[in-house]
Amino acid sequence: MATHYCSEYSRYFIVANRRKIFGKNLTHNLKTRICPSYLSTLPKSQLDVAQDEQFLPDESKFKLSNPDAFDVKSMVRIKSLFEAGVHFGHTEGTLDNRMKQYLYGNRLGHLIIDLNHTKRLLQQALNVTAHISYRGGVILFLCQSPLNCLTVENCAKECGEFAHTRYWRDGMFTNSSRIFKSETRLPDLCIVLNTLSSTSKNNSGQHSVLSDAAKMLIPTIAIVDTDANPNIVTYPIPGNDDTPSAINLYCDLFKNVILRAKKVRKEILDKNKISV
């Protein structure tokens with residue numbers, strides 16, 4: 001199987017266009033990507049009801065135009081981020097210049113991440129995750145750190161989603177039908193808990209799923225440490241991606257917001273007699 005490589009310029013061009021699509025026109029994008037795939041799984045009798053009641057009065061609170069429909073702002077507190085060590089970065093010599101905007105300073109040769117930026121971007125990422133889960137989207141958790149693989153797998157299992165914590169084969173998104181020998185439902189969102197990977201074949205060391213997802217216009221949420229490139233991620237979250245306490249905090253937040261969104265979805269569907 002031939003492996004396709006894109007230049008640095010073309011990769012940034014792809015990500016820039018992806019940000020434009022998912023940032024400025026997120027409402028239209030999620031409706032076209034997720035809602036039709038969900039409706040196609042319903043029987044005809046329920047499909048007619050779902051199409052007629054696609055915008056029910058009960059759903060007015062959970063429109064994409066609402067920046068905090070699932071109360072995610074109350075879930076993230078700077079004190080919790082500080083206690084989990086999210087602000088700890090790598091040494092000064094490993095700094096990626098594109099991460100300077102998220103730094104607070106340095107201490108004893110180690111970089112310190114500004115938790116105000118982390119809180120704001122984490123809330124934004126949780127809000128996007130909640131809306132995608134609420135609309136029946138498939139979410140994929142990814143991590144290649146042996147220390148945190150089990151934590152990520154348990155998180156995905158507890159919230160009814162999927163996880164990939166092994167080596168990422170090139171083309172698993174772009175050439176999925178050939179690799180898996182059948183039609184494959186790709187995820188609607190990828191959450192990467194460690195952006196850099198020691199097993200990646202990329203010169204930059206980034207997780208290979210980021211470039212694959214960009215090619216397929218799949219939005220990504222990723223924890224970017226001070227040595228990572230935030231420009232390759234749709235929704236970057238500056239923070240520590242190594243410490244187990246920090247990974248536990250991220251997993252708990254994403255798990256809780258997904259369960260909250262699914263609970264709301266189930267209540268509305270049950271109330272309107274639409275089963276999934």
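What follows is a walk through the fold, the sheet, the packing around it and a few local details of this structure.

The model is a predicted one. The protein chain has 10 helices and eight strands. Of its 276 residues, 49% count as buried. Contacts reach well along the sequence: among those with a separation of 6 or more, 69% join residues 24 or more positions apart.

Start with the sheet. Five strands make up an open sheet with parallel pairing, in the order β5-β4-β6-β7-β8. Its edges are β5 (162–164) and β8, each of which pairs on one side only. From one strand to the next, the twist averages 20 degrees. Inside the sheet, β4 and β6 are joined in the parallel sense over four bridges, with Leu142 standing opposite Val192 in β6. β7 and β8 also pair in the parallel sense over four bridges, and here Ile221 is found opposite Tyr235 in β8.

β8 gives a neat view of how side chains are arranged along a strand. In a regular strand, side chains alternate between the two faces of the sheet. Tyr235 and Ile237 point one way from β8, while Pro236 and Pro238 point the other way. All four are buried, edge strand or not.

Helices pack on this sheet. α6 lies across β4, β6, β7 and β8, and runs at about 140 degrees to β8. α9 packs on the sheet too, touching β4, β6 and β7, and its direction makes about 160 degrees with that of β6. There is also a helix-to-helix contact to look at: α7 and α10 pack with their axes 9 Å apart, at an angle of about 10 degrees. That angle is under the 35 degrees cut-off, so α7 counts as roughly parallel to α10. On the α7 side the contact uses Thr151, Val152, Cys155 and Glu158, which meet Ile247, Asn248, Cys251, Lys255 and Leu259 in α10.

Now for what fills the inside. In soluble globular proteins, nonpolar side chains tend to be buried together. The largest nonpolar core here has 43 residues, and Phe70, Phe141 and Leu193 have the most contacts inside it. Helices α6 (115–134), α7 (149–158) and α10 (244–271) each give two or more residues to this core, as do strands β4 (139–142), β6 (189–192), β7 (220–224) and β8 (235–238). The top contributor is α10, with 12 residues. Phe141 shows how busy this core gets: leaving aside neighbours within four places in sequence, its contacts include Val152 and Cys155, Ile191 and Leu193, and Phe254 and Ile258. A second, separate core of 21 residues includes Tyr102, Leu140, Trp168 and Leu210.

The last of those residues leads back to α9. Ser208, Val209, Leu210, Ser211, Asp212, Ala213 and Ala214 in this helix are buried. With seven of its eight residues buried, α9 is largely enclosed by the rest of the structure. Just after α9, Leu217 takes a positive phi of about 55 degrees.

Val209 is a good place to zoom in. This residue lies in α9 (residues 208–215) and has a relative accessible area of 0%, so it counts as buried. Not counting residues up to four places away in sequence, Val209 touches Leu142, Trp168, Phe173, Cys190 and Val192. Two of those contacts, Leu142 and Val192, are the residues that stand opposite each other in β4 and β6. Val209 and Asp170 are 39 residues apart in sequence, yet their C-alpha atoms are 8.0 Å apart in space.

Two other contacts of Val209, Trp168 and Phe173, are also partners of each other. The structure holds two aromatic pairs, and one of them is formed by Trp168 and Phe173: it is edge-to-face, with 5.1 Å centre to centre and 75 degrees between the planes. Both Trp168 and Phe173 are buried.

Finally, there is a hairpin. β2 (residues 103–107) and β3 (residues 110–113) pair in the antiparallel sense over four bridges, and Gly105 stands opposite Ile112 in β3. Two residues lie between the strands of this hairpin, where Leu108 takes a positive phi near 55 degrees.

Methods:
Residues are numbered from 1 along each chain as its sequence is written. This is a predicted model: local features need pLDDT of at least 70, side-chain atom pairs count only at pLDDT 80 or more; totals for chains, interfaces and linings use all residues. Side-chain values use heavy atoms; hydrogens and water are left out. Rings of Phe, Tyr and Trp (its six-membered ring) pair if their centres lie within 6.5 Å; planes under 30 degrees apart count as stacked, over 60 as edge-to-face and the rest as tilted. Buried means under 20% relative accessible area, exposed over 50%, partly exposed in between (1.4 Å probe, protein chains only). Two strands pair if DSSP finds at least two bridges between them. Contact means heavy atoms within 4.5 Å. A nonpolar core is a set of buried Ala, Val, Leu, Ile, Met, Phe, Trp, Tyr and Cys residues joined through side-chain atoms within 4.5 Å. Axes are lines fitted to C-alpha atoms, for helices over the stretch in contact, and angles run from 0 to 180 degrees between N-to-C directions. Angles under 35 degrees count as roughly parallel, over 145 as roughly antiparallel, 65 to 115 as roughly perpendicular and the rest as oblique.
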